Amino acid sequence: MGVVNITPDSFSDGGRFFAPADAIAHARKLIEEGADLIDLGAESSRPGAAEVVSADEELRRLLPVLQGLRDLPLSVDTVKPEVMRAALAEGAAMINDVNALRAPGAVAAVAAADAAVCLMHMQGSPGTMQQHPRYADVVAEVKAFLLERIESVCAAGIARERVVADPGFGFGKTLEHNLELLRHLREFAALGVPLLAGWSRKSSLGQITGRPAGERLAASIAAALIAAQNGAAILRVHDVAQTRDALSVLAAVEKRK
Ligand code: HH2
């Protein structure tokens, strides 16, 4: 999954693809580099994000890009039911919700279509989530949350085959929480749905390497590879070509494609 942020403020590439033509060109480049899916986000969920973007503004940013990329498999990163409905009407293949469809009306919006949905775990909300992340047992708690969300959306009419789960690396988690989740990612297979992992350029990698977001490529690839080895089916990454090469090596070693 290649990331395209149509935002002025995402932590890793804020502003670079804010103009629709730039976002469209970048998405096409990522597909050429080997992405199977493009994740379009029009509202930054970075820690401390102050701006709350209205649904109207989110749609104003998203719609021209969605319309310019109709031929590609698109995921739309949003927490708002109104945006979900509009994206699904434009043919989005997946709704990627960092809030796991907890907004009133979100489950119904997705249930009414037949696209896939990614349910992500987050402790708190983006504005404050990194202030005091706290868990007694991070793996057990994140797993229990995801299981509850999966059961809840399935009971509301979303077929299990449409659901993907994500532990939400960096969302209300310290470096140690993120590492613990990555170490134990295999245990999330028990959820019975494909797993998505997003480590690309995240601040935990900065904590480990001491490098700023723009210099975390090698660290991002290392984390992506560990996630893949531990069972992640979808990797959310900014650097598609380089991640593909790393995955090719893993596939060659494991003798699968
Ligand atoms: N991380 C970000 C956004 N959306 N969705 C899923 N499912 N999993 C993630 O780990 C995830 C996500 C990070 O968001 P942001 O801070 O806006 O930066 P960027 O989109 O450049 O990664």
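**Overall build and the first strand**

In this predicted model, the protein chain exposes an accessible surface of about 11,100 Å², and 55% of that belongs to carbon and sulfur atoms. Of its 257 residues, 53% count as buried.

As for overall dimensions, the C-alpha trace spans about 40 × 40 × 40 Å along its principal axes. The radius of gyration tells a matching story: a compact globule of 257 residues would come in near 18 Å, and the protein chain has 17 Å, so the two agree. Contacts across the sequence were looked at too. Taking contacts in the protein chain with a separation of 6 or more, 63% come from residues 24 or more positions apart.

Charge was also checked. The protein chain carries 27 positive and 31 negative charges, and the mean positions of the two sets sit 3 Å apart.

On the secondary structure side, the protein chain is built with nine helices and eight strands. Strand β1, which takes in residues 2–5, is covered on both faces. G2 and V4 point to one side and V3 and N5 to the other, and all four of these residues are buried. The partner of β1 here is strand β2 (residues 38–41): the two run parallel and are joined by four bridges. Within this pairing, G2 of β1 stands opposite I38 in β2. G2 thus turns up twice in the picture, as a buried residue on one side of β1 and as the residue facing I38 across the pairing with β2.

Notes: Residues numbered from 1 in each chain as written. Predicted model: local features only at pLDDT ≥ 70, side-chain atom pairs only at ≥ 80, totals over all residues. Heavy atoms only, no water. Rg over C-alpha atoms; globule rule 2.2 N^0.38 Å. Buried < 20%, exposed > 50% of the residue type's maximum accessible area, 1.4 Å probe, protein only. Contact = heavy atoms within 4.5 Å. Areas by Shrake-Rupley, 256 points an atom, 1.4 Å probe, with all protein chains shown as cover. Lys, Arg positive; Asp, Glu negative; His and termini not counted. Charge placed at Lys NZ, Arg CZ, Asp CG, Glu CD. Pairing = 2+ DSSP bridges.
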